[in-house]
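Please open the model in your viewer and keep the selection panel at hand. The tour below goes from the contact between two chains to the residues packed inside.

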Amino acid sequence: MLTEFGKIFVFILLAGGFVAIALVAASLIRPKRPTKEKLKTYECGEDPVGSPWVRFNIRFYVVALIFIIFDVEVVMLFPWALVYKNFGVYGFIVGAIFLLVLFLGMAYEWRKGDLEWARPKIEPPKMDIKFKPEIAPRPVEEKTVSEVE
Amino acid sequence: MNLYDIIFYLFAAITIVSAFIVVNAKNIVYAAFSLLFTFFGVSGLYVLLGADFIAIVQVMVYIGGILVLLLFGVMLTHKITSVDIKAGSVQTIPAVIIIGIFAALLIGLMYSTHWAVNPAEIPVTTTKSLGKTLVTEYVLIFELLGILLLVAMIGAATIARRDGDK
């Protein structure tokens with residue numbers, strides 16, 4: 001009687017109803033004695049510092065862009081994957097060309113390093129030498145030389 | 001009014017109400033999240049029309065992809081809280097005239113079209129027949145789509161690449 005989408009619809013209704021009933025019942029039952037501390041934004045017991053709106057790394061955006069392209073690719077592959085066996089080698093080649101073209105893009109991005117996460121550069125700790133050495137060291141850096149003079 | 005109609009009006013209401021919030025929200029993040037429900041309602045309408053493949057694509061690409069991209073775009077902006085988005089009404093009278101003309105056109109079209117409705121029919125899955133046309137009749141379009149996606153991919157990577165990268 002129910003179609004497959006009908007089952008999904010019943011599922012959606014049940015999920016929505018579950019949330020609504022749980023929230024309404026909880027608001028009826030629970031005691032309500034708010035204090036200033038209780039109403040604070042919960043941040044693992046710490047005092048919340050700064051705005052929660054932080055700028056995201058641009059890398060997330062690049063990954064999301066690439067994801068969408070492959071999302072559309074997968075969507076187009078679904079109908080092809082259902083029928084390609086009926087067409088034998090021809091059907092396979094059609095899909096293979098499609099995949100090959102997109103693989104070129106993948107290879108390009110891999111080579112160009114767009115899939116790499118931008119890591120912070122690891123720098124060895126530098127010592128900020130303030131004192132004047134008794135014996136002038138070898139003049140390795142120009143800064144040291146000028147300081148000595 | 002049968003069950004089908006009730007479900008249709010439910011999804012239509014979700015779509016319209018959330019679309020209204022998208023237009024009127026003062027906070028851009030709320031507008032983006034409200035767009036989620038608009039896409040969801042539209043995908044429900046697709047299901048009711050028997051377009052199961054389009055409905056799944058709507059969920060996968062629009063809700064799963066484009067909305068995420070949109071939210072990232074919002075969150076990447078420098079100062080979200082101080083962004084002054086325009087949600088007021090300007091030029092009401094011309095808008096009313098144009099919308100009136102458009103609505104009259106649509107309603108006229110709605111009544112003059114002969115709708116081939118067959119509500120008792122159990123919808124068949126369209127994905128297989130779609131695949132058949134993709135491999136035979138529209139095979140060139142299928143391959144061109146691959147090239148289009150390639151262009152989009154390289155273009156997106158080039159634009160989004162940070163300055164100073166290789």
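Begin by colouring the two chains separately, keeping in mind that this is a predicted model, and select the residues that meet across the boundary: 49 residues come from chain A and 53 residues from chain B. With a surface displayed, you are looking at a contact in which chain A and chain B bury about 4700 Å² between them, and 80% of that area lies on carbon and sulfur atoms.

Next, select the helices of chain A that form its side of the contact, where α1 (4-29), α2 (58-83) and α3 (88-112) each supply at least two residues. The largest share, 22 residues, comes from α2(A), and when the whole side of chain A that touches chain B is coloured by class, 36 residues are nonpolar, six are polar and seven are charged.

How many salt bridges link chain A and chain B? The count is zero, while the rule for polar contacts finds two residue pairs across the interface, both at pLDDT 80 or more.

Finally, turn to the largest nonpolar core, which has 18 residues, and show as sticks Val75(A), Met76(A), Phe98(A), Leu102(A) and Phe142(B), the members that touch the most other members. To see where this core is drawn from, select α2 and α3 of chain A together with α3 (52-76), α5 (127-135) and α6 (139-160) of chain B, the elements that give two or more residues to it. Here the largest share, six residues, comes from α2(A), the helix that also gives the largest share of the side of chain A touching chain B.

How values were computed
Residues numbered from 1 in each chain as written. Chains lettered and ligands numbered in written order. Predicted model: local features only at pLDDT ≥ 70, side-chain atom pairs only at ≥ 80, totals over all residues. Heavy atoms only, no water. Contact = heavy atoms within 4.5 Å. Buried area = accessible area lost by both parts, 1.4 Å probe. Salt bridge = Lys/Arg side-chain N within 4 Å of Asp/Glu carboxyl O. Polar contact = N/O pair within 3.5 Å; in protein donor to acceptor, adjacent residues only side chain to side chain. Helix = DSSP H or I, 4+ residues; strand = E, 2+ residues; numbered from the N terminus. Nonpolar A, V, L, I, M, F, W, Y, C, P; charged D, E, K, R; others polar. Core = buried A, V, L, I, M, F, W, Y, C linked by side-chain atoms within 4.5 Å. Buried < 20%, exposed > 50% of the residue type's maximum accessible area, 1.4 Å probe, protein only.
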